[in-house]
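Welcome! Below are a few short exercises, each with a worked solution. Have a look at the structure first, then try each task before reading on.

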Amino acid sequence: MAAVDFPLYLVTDRDRTGGRPLVPLLLAALKAGLPAIQLREKDLDVRTMTTWAEDLLAPVRDAGARLLINDRVDVAVASRADGVHLRADSLPVSVARRMVGADRLIGVSTHSVEDVARAEGEGADFVVLGPVYETPSKRMYGAPLGLLPLERAAARSRIPVFAIGGITTARVREVRRAGARGVAVVSAILEADDVTGATRDLLRETTAEM
């Protein structure tokens with residue numbers, strides 16, 4: 001089983017970059033030390049998504065980082081990415097595992113303590129739980145969870161739990177104190193005027209001694 005050795009996980013969304021091209025922002029974040037990317041451009045067709053993944057793989061590997069593909073197990077395998085990130089209502093982890101093998105990571109998006117337990121029981125390597133705080137991109141998942149479900153899920157789970165939803169540099173230590181292994185972000189990096197600085201600030205907070 002591959003190790004979950006990253007505290008910061010960037011989820012891509014090229015509509016959240018303020019009109020700037022996505023890939024240069026990802027390259028800047030990688031140069032600043034970003035350790036993991038989830039390529040999550042849901043409207044791209046399989047061929048285009050595979051091309052994007054293949055093009056990103058070299059700079060990701062050069063940076064010593066990880067590349068996971070959102071939900072598309074076939075793209076993850078075809079592009080030789082480091083893993084796949086499944087929706088809460090996607091393929092069962094056990095099915096995805098047969099397809100990607102033991103050496104690739106499988107992450108799962110979760111929205112409750114019960115979701116986290118289910119993903120762990122099915123064999124996920126890590127989960128992302130949220131939204132913890134209010135954020136426009138996660139309103140379809142309902143009201144923010146707050147810290148208590150994060151605390152409960154992290155206390156019960158043997159796999160890493162990452163917090164997502166409204167995460168800012170100022171909130172990182174709060175979610176870490178609640179038990180989060182790390183944070184997953186979109187706007188905190190992609191909407192920042194200074195992507196390099198934002199990445200470094202988040203990394204500082206996710207790796208600081210508590």
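## Exercise 1: Helix 9

Helix 9, residues 195-207, has 13 residues and reaches 18 Å from its first C-alpha to its last, close to the 18 Å expected at 1.5 Å a residue. Keep in mind that this is a predicted model.

**Task.** Find which residues of helix 9 are buried, and which elements they pack against.

**Solution.**
- Step 1: look along the helix for covered residues. V195, G197, A198, T199, L202, L203, E205 and T206 are buried in helix 9.
- Step 2: recall a general pattern. An α-helix has 3.6 residues a turn, so residues three or four places apart point the same way.
- Step 3: look for the partners. The buried residues of helix 9 pack against strand 1 (8-11), helix 1 (22-31), helix 7 (172-177), strand 8 (182-185) and helix 8 (187-190).
- Step 4: check the start of the helix. The N-terminal end of helix 9 is capped by D194, with a side-chain oxygen 3.3 Å from the backbone nitrogen of T196.

## Exercise 2: Y133 and its surroundings

**Task.** Decide whether Y133 is buried or exposed, and find what its side chain joins in a polar contact.

**Solution.**
- Step 1: place the residue. Y133 sits in the loop between strand 6 (126-129) and helix 6 (147-156).
- Step 2: apply the cut-off. Buried means under 20% relative accessible area; Y133 has 12% relative accessibility, so Y133 counts as buried.
- Step 3: list neighbours beyond four places in sequence. Y133 touches P144, L147, G165, G166, I167, R171, E174 and V175.
- Step 4: pick out the polar partner. The side chains of Y133 and E174 are joined by a polar contact of 2.4 Å.
- Step 5: compare sequence with space. Y133 and R171 are 38 residues apart in sequence, and their C-alpha atoms are 9.5 Å apart.

## Exercise 3: Backbone surprises

**Task.** Locate a cis peptide bond and residues other than glycine with positive phi.

**Solution.**
- Step 1: start from the general rule. Most residues other than glycine have a negative phi, and most peptide bonds are trans.
- Step 2: find the cis bond. The peptide bond from G130 to P131 is cis, with omega near 5°, and P131 belongs to the loop between strand 6 and helix 6.
- Step 3: check phi. D71 has a phi near 65° and lies in the loop between strand 3 (66-70) and helix 3 (73-79).
- Step 4: continue to R80, whose phi is about 65°. R80 is in the loop between helix 3 and strand 4 (83-86).

Notes
Residues numbered from 1 in each chain as written. Predicted model: local features only at pLDDT ≥ 70, side-chain atom pairs only at ≥ 80, totals over all residues. Heavy atoms only, no water. Helix = DSSP H or I, 4+ residues; strand = E, 2+ residues; numbered from the N terminus. Expected span 1.5 Å × (residues − 1). Buried < 20%, exposed > 50% of the residue type's maximum accessible area, 1.4 Å probe, protein only. Contact = heavy atoms within 4.5 Å. Polar contact = N/O pair within 3.5 Å; in protein donor to acceptor, adjacent residues only side chain to side chain.
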